Amino acid sequence: MSKEITSRAQDYSQWYNDLVLKGGLADYSAVRGCMVIKPYGFALWENMRDTLDKMFKDTGHVNAYFPLFIPKSFLSKEAAHVEGFAKECAVVTHYRLKNDPNGGGVVVDPEAKLEEELIVRPTSETIIWNTYKDWIQSYRDLPLLINQWANVVRWEMRTRLFLRTAEFLWQEGHTAHATAEEAVAETVQMLNVYADFVENWMALPVIKGVKTISERFAGAEDTYCIEALMQDGKALQAGTSHFLGQNFAKAFDVKFLNKENQLDHVWATSWGVSTRLVGALVMAHSDDQGLILPPRIAPLQVVIVPIYKGDEQKAKIGARADEIMSGLKALGIRVKYDDNDNQRPGWKFAEYEMKGVPVRITLGARDLENNIAEVARRDSKEKRNISLEGIVTYIKELLEDVQQSMFNKAKSYRDEHITPANSWDEFEKLLDEKGGFISAHWDGTAETEEAIKEKTKATIRCIPLDNKQEAGKCILTGKPSTQRVLFARAY
RNA sequence: CGGGAGGUAGUUCAGCCCGGUAGAAUACCUGGUUUGGGACCAGGGGGUCGCAGGUUCGAAUCCUGUCCUCCCGACCA
């Protein structure tokens, strides 16, 4: 069968690709580094997007949209920012094509060169702050709490479906505040929103923390992050929230009059999550049979597969399935009845397992006689015969249970893979043999961080929030340290 | 951007070394039998061999260029 999946043990990377492609989430495209998100994958993203969007609005944010193109000069206004993004920007230099005089189709019209080149946004801080300058005059205009859903382009050398593509979809929040304290509070609030979403909707436990200076967003004073752990023991940054200080306000001259009638630069934040979350979801939960999607964001939560001989049985089962469906739909459950004659039940079972549908109901003629249905859950593969009387309630509870089980499973895996290391030998051994997060002392210097990365490929993923303070010695240099930080190899 | 592998039917691949009418399995269409874990029989349709040049009487096959993908590295969300 062409739909077989490479096992995790055999080739983890290929397993991931197989899931994305054969699970129907995305396809490669004709454009280097760019993917086509297919309807099933997009439905998943839409569920994530809609949930997050509501959470943003519940915390007082509104949506807006800023241009795809950014004048080149904008990007150079904030030194650290341009440093961070210059190497991966797509640049528009011309605005017109013409027929090739040599007959080779169309060519760029050399006459149509832009006065100032346009950058395809890798992120929107610059164009947004250039705009905020006009929107903000006094403290009464603050805070300004805006989010945008958009695509961005970062010209990556090496791409992977969802995890790193040249173009990706995301949201970016950009807020302006009167005080540093308020901006920091916003940064932390949005980090908590992300953690809440990823844990409670994606069933994926995260560690909240702060990035070291070298891992910080280009142009930020502080970068907060949520870090998740994948099944191969590698960490994945699932979201970031930045306290930008007054860096962009100064670069774009955004000032406001405070209550004391004094002019001051505003304080900023930005925060984002992207379609990378889809990749995280796939890698964290799925198995060798296919995707396993958490019920709360699964495009399809329940599928009903009928088993029948002849039209008469099919009609009877169909009628009963309709009742179950309307019961489920009344509770807001996303359900599909698959009575397609072209595939046999066994094929459908395998297919919906591949696609990670959380719950399957099998309804056959034999079941109708006994007034039951077979209910199978995707996460544990457990099957159980359930009386048709209370099946709707049972399914509702089962979906909650699957959601919770998925989180618990991922959490115990994660917790088992946060390991303290107290010597360099132990540190290297853990990285190579166990993987996951390694909690170790670090002397706080960028040099040591870089040296460790050089030697082991492991980076400091974060300094956990509310980290325990304890005296110790740096894992590499032996210099004094006040706390442990989390190291890991990462995506 | 460096190293390696690859691109032939919707999909997975054979054919290429040694140039001579483009193949298999699966999927698809029709009819029939089936249906509790990826059904079976019979018939049928489908490919500018990634793209562009070149060599040749003749190119999927040889040569050059180019695009895309995968894996490994450097860089990064």
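This is a short dialogue on reading strands, helices and the core in a predicted model.

Visitor: Let's begin with the sheets. What is the strand order in the open sheet of five strands?

Guide: Reading across the sheet gives the strand order. Here the order is 18-17-19-20-21, and the pairing is mixed. At the edges, pairing on one side only, are strand 18 (335-337) and strand 21 (383-387). Ignoring direction, neighbouring strands are turned by 25° against each other on average.

Visitor: How many bridges join strand 20 to strand 21?

Guide: Strand 20 (residues 372-377) is joined to strand 21 by five bridges, and the two run antiparallel. For a landmark, find Ala376, which stands opposite Lys383 in strand 21.

Visitor: Which strands do helix 9 and helix 12 touch or lie across?

Guide: Look at the contacts, then at the angle. Helix 9 (residues 310-330) packs on the sheet and touches strand 17 (302-307), strand 18 and strand 19 (359-364). The direction of helix 9 makes about 170° with that of strand 18. Helix 12 (residues 391-416) lies across strands 17, 19, 20 and 21, and runs at about 10° to strand 20.

Visitor: And the other open sheet, in what order do its three strands come?

Guide: The order is 4-8-5, with antiparallel pairing. Strand 4 (69-71) and strand 5 (91-94) are the edge strands, and the twist averages 40° from one strand to the next. Three bridges link strand 4 to strand 8 (residues 113-120); Pro71 has Leu118 in strand 8 as its bridge partner.

Visitor: Now a single helix. What does the span of helix 2 come to, against the expected value?

Guide: Compare the end-to-end distance with the rise per residue. Helix 2 (residues 39-58) has 20 residues and reaches 28 Å from first to last C-alpha, close to the 28 Å expected at 1.5 Å a residue. After helix 2 comes Gly60, with a positive phi near 90°. Buried residues of helix 2 include Trp45, Met48 and Phe56.

Visitor: Which residues is Met48 in contact with, beyond its neighbours within four places in sequence?

Guide: Those contacts are Phe197, Met202, Leu277, Val278 and Ile297. Met48 is also among the residues touching the most other members of the largest nonpolar core, which has 58 residues; the others are Leu25, Met202, Met230 and Met283. Domain 1 (2-69 + 127-285) and domain 2 (302-409) each supply at least three residues to this core.

Visitor: Why is helix 8 described as largely enclosed?

Guide: Count its buried residues. In helix 8 (residues 276-285), 10 of the 10 residues are buried, so the helix is largely enclosed by the rest of the structure. Among them are Leu277, Val278 and Met283.

Definitions and conventions: Residues numbered from 1 in each chain as written. Chains lettered and ligands numbered in written order. Predicted model: local features only at pLDDT ≥ 70, side-chain atom pairs only at ≥ 80, totals over all residues. Heavy atoms only, no water. Pairing = 2+ DSSP bridges. Helix = DSSP H or I, 4+ residues; strand = E, 2+ residues; numbered from the N terminus. Axes fitted to C-alpha atoms, helices over the stretch in contact; angles between N-to-C directions. Contact = heavy atoms within 4.5 Å. Expected span 1.5 Å × (residues − 1). Buried < 20%, exposed > 50% of the residue type's maximum accessible area, 1.4 Å probe, protein only. Core = buried A, V, L, I, M, F, W, Y, C linked by side-chain atoms within 4.5 Å. Domains from an automatic or database assignment.
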